[in-house]
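Below are my notes on the fold, the surface and the pockets, in numbered points.

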Amino acid sequence: MASIDFSKPLATLLKDSTREAHEQVEHSEGAKLLLSGELTKEEYTRYLMMLWHVYDAIETALEKHATHPSLEPTYNPALLARAPALASDISYLLQVDERTWKSHRIHLQLMSRSPTPLLNYVRRIEELSQSSDPSALLAHSYVRYLGDLSGGQTIRHTIAKAYGLDEAAGLGISFYAFKELRSSKPASQGEMKRIKDWFRAGINTAGERGGVQVKTAVVEEANLAFKLNAGLFELIETHLDDKNKEGFIQAPEVPQERLFSVASVVAVILAMCLSHFVLVVGGFTGDSGYQKLLAAEQWVADLWRSISK
């Protein structure tokens, strides 16, 4: 951190200092899977559920400290809050009432053994919220909200196409939609840029108010925030690779019945007919006949075992 020029605006420091962490997350396998649109609708919905818990923690913490000098310049829940939109999208994708999605099978499985990366993320937000100086919460606003305003718009098109959603109606993809900075109208791409400019200006104001101490804390926390987000992407990979791994439940395998080919069954039937013919022609009366019968039974049994292996 000693090499950083803290005389620069905080937004500039954040962009420069998190470039490497940003690129690592952007090029992770989980991010690629999300951007490819190849996740099943269930996998994507599970990811949205994890995001809901993260945003719920962030936005609860920001509301608690809404008047803090470092957080007040960018506090605008009517414009930025994502948790309500996530709840709406999850409910739409599951086709359930918005008040009941937490009792859905997918969410119950997720929370029955909450994944460590998700727990770590939420706990970190709660720690900052309970600290004497919650300034570092600004880093989490920066990483999440600016990401949603930027790359999130690319994901919006991909998701709509992948799951057959009406992009114009916005149902199921409201997480990626924002309103205008000063009205309730849907934000255009140009308006998105104005929102980002407003947000960066608020970050710079926070940096000016807090000085080097706040700038240092926010920059350090932003790098951690990117790592915590990378953990969520890793959970996508983990769940796809092995659903028995942490935090997820895999349905038990259904035993498959053993099937035999028609040729195998016919072969056994012919063998049995042949043995019957031999016994009838050769006779099986007396001790010698009994021994013939045993030999024939053993032959048929051995033949069946060889076919059924």
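1. A contact here means heavy atoms within 4.5 Å. On that basis, residues 24 or more positions apart supply 75% of the protein's contacts that have a separation of 6 or more. The model is predicted.

2. On secondary structure, the protein has 13 helices and zero strands. Read from the N terminus, the order of elements is therefore α-α-α-α-α-α-α-α-α-α-α-α-α.

3. On burial and surface, 44% of the 309 residues in the protein are buried, where buried stands for under 20% relative accessible area. The protein exposes about 16900 Å², and carbon and sulfur atoms account for 55% of that area.

4. Helix H10 spans residues 152-162. Its buried residues are Gly152, Gln153, Ile155, Arg156, Thr158, Ile159 and Ala160, a list that includes the arginine as well as two isoleucines. Just after H10 comes Gly164, with a positive phi of about 65°.

5. How much space lies in the largest pocket? The figure is about 900 Å³. Its lining consists of 31 residues, and those that lie nearest the centre are His22, Val143, Gly147, Gly151 and Phe226. Helices H1 (10-17), H2 (19-26), H3 (29-36), H4 (41-64), H9 (137-149), H10 and H11 (189-241) each give two or more residues to this lining.

6. Which helix gives the largest share of the lining of the largest pocket? That helix is H9, with six residues. By class, the lining of the largest pocket divides into 15 nonpolar, nine polar and seven charged residues. For anyone assigning classes by another scheme, note that Gly counts as polar here.

7. The second largest pocket has a volume of about 200 Å³. Two elements, H5 (77-80) and H6 (83-94), give two or more residues to its lining. H5 gives the most, with three residues.

8. Residues lining the second largest pocket include Pro77, Ala78, Leu79, Ala81, Arg82, Pro84 and Ala85. Further along the chain, Ser174, Ala177, Phe178, Lys179 and Pro186 also line this pocket. How do these residues divide by class, and how many are charged? Nine are nonpolar, one is polar and two are charged.

9. To set the two pockets side by side: the largest holds about 900 Å³, and the second largest about 200 Å³. Seven charged residues line the largest pocket, while two charged residues line the second largest.

Note on methods:
Residues numbered from 1 in each chain as written. Predicted model: local features only at pLDDT ≥ 70, side-chain atom pairs only at ≥ 80, totals over all residues. Heavy atoms only, no water. Helix = DSSP H or I, 4+ residues; strand = E, 2+ residues; numbered from the N terminus. Buried < 20%, exposed > 50% of the residue type's maximum accessible area, 1.4 Å probe, protein only. Areas by Shrake-Rupley, 256 points an atom, 1.4 Å probe, with all protein chains shown as cover. 1 Å grid on protein atoms, 1.4 Å probe; cavity = no way out; pocket = protein on both sides within 12 Å on 5 of 7 lines; lining within 4 Å. Points joined across faces, edges and corners; volume = space filled by probe spheres on them.
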